[in-house]
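User: I would like to know how the descriptive words used for a protein model are justified. Please take them one at a time.

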Amino acid sequence: MSDAAHPCLRCGACCAAFRVAFHWSETDAHPHGLTPSALTETLDPHRVVMRGTYGGAPVRCEQLRGDLARDAHCGIYPLRPSPCREVRPAWEDGAPSAQCDRARAVHGMAPLTPGDWAVAG
């Protein structure tokens, strides 16, 4: 499947629906961290959040590029933190994803179906 056809590269709903909190050691402030710490803010002594995903409404990660449901994508994809890497798009691997469905519903989008992947492939 080409990257452009991947349903997530049109969606972006998860990046504009959920708080993205993770341990600070995933940031570049730690020798093995990847996510730029400048793109986060402190949540508590051990966790940080991606800017734009906590403390205000509407939620929208500052690293989300493009327009929801059209051409949305992550501006730091290779450096994204574990909560972002762990989100599974519905039906990508043949299984539903309640988290994906909830994020899409927040923005008035229909849930993905197995057919969305057949078209993308």
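**Reasoning from values to words**

Analyst: Read along the sequence, the protein chain of this predicted model follows the pattern β-β-β-β-β-α-α-α. That gives three helices and five strands.

User: What makes the protein chain as compact as a globular protein of that length?

Analyst: The radius of gyration is 15 Å, and the globule rule gives 14 Å for 121 residues. The two values are close, so the chain is as compact as a globular protein of that length. Along the principal axes, the C-alpha atoms fill a box of roughly 45 × 30 × 25 Å.

User: How much of the protein chain is buried, and what area does the chain expose?

Analyst: Buried residues make up 32% of the 121 residues. The chain exposes about 7000 Å², and carbon and sulfur atoms supply 55% of that area.

User: Why is threonine 53 called buried?

Analyst: The word buried requires a relative accessible area under 20%. Threonine 53 has 2%, so it counts as buried. Threonine 53 lies in the loop between β3 (47-50) and β4. Leaving out residues up to four places away in sequence, it touches Phe18, Arg19, Val20, Val59, Arg60 and Cys61.

User: How do you know that the side chain of threonine 53 makes polar contacts, and with which backbone atoms?

Analyst: A polar contact needs a suitable pair of N or O atoms within 3.5 Å. A polar atom of the threonine 53 side chain lies 3.1 Å from the backbone nitrogen of valine 20. The backbone oxygen of methionine 50 lies 2.7 Å from a polar atom of that side chain. Both distances are within the cut-off.

User: Which residues make up the largest nonpolar core, and what makes it a core?

Analyst: The six residues are Val20, Phe22, Val48, Met50, Cys61 and Ile76. They are called a nonpolar core because they are buried residues of the listed nonpolar kinds, joined through side-chain atoms within 4.5 Å. In soluble globular proteins, nonpolar side chains tend to be buried together. Beyond its neighbours within four places in sequence, isoleucine 76 is in contact with Thr35, Pro36, Leu39, Met50 and Gln63.

User: Why is alanine 69 called partly exposed?

Analyst: Partly exposed is the range between under 20% and over 50%. Alanine 69 has a relative accessible area of 49%, so it falls in that range. It is found in the loop between β4 (64-65) and β5 (73-74). Alanine 69 also has a positive phi of about 65°, although it is not a glycine.

User: What can be said of tryptophan 91 in terms of accessibility and phi?

Analyst: Tryptophan 91 has 28% relative accessibility and therefore counts as partly exposed. Its phi is positive, about 70°, although the residue is not a glycine. Tryptophan 91 is in the loop between α1 (82-86) and α2 (98-106).

User: Is cysteine 8 buried or partly exposed, and where is it found?

Analyst: At 32% relative accessibility, cysteine 8 is not under 20%, so it counts as partly exposed. It is found in the segment before β1 (21-23). Not counting residues up to four places away in sequence, cysteine 8 touches Ala72 and Pro89. The C-alpha atoms of cysteine 8 and tyrosine 77 are separated by 12 Å, and the two residues are 69 residues apart along the chain.

Technical notes. Residues are numbered from 1 along each chain as its sequence is written. This is a predicted model: local features need pLDDT of at least 70, side-chain atom pairs count only at pLDDT 80 or more; totals for chains, interfaces and linings use all residues. Side-chain values use heavy atoms; hydrogens and water are left out. Buried means under 20% relative accessible area, exposed over 50%, partly exposed in between (1.4 Å probe, protein chains only). Contact means heavy atoms within 4.5 Å. Helices (H or I, at least four residues) and strands (E, at least two) are DSSP runs, numbered from the N terminus. A polar contact is a pair of N or O atoms within 3.5 Å; within protein, one must be able to donate a hydrogen and the other to accept it, and residues adjacent in sequence count only if both atoms are side-chain atoms. The radius of gyration is taken over C-alpha atoms; the globule rule is 2.2 Å times the number of residues to the power 0.38. Accessible areas come from the Shrake-Rupley method with a 1.4 Å probe; for residues, only the protein chains shown count as cover.
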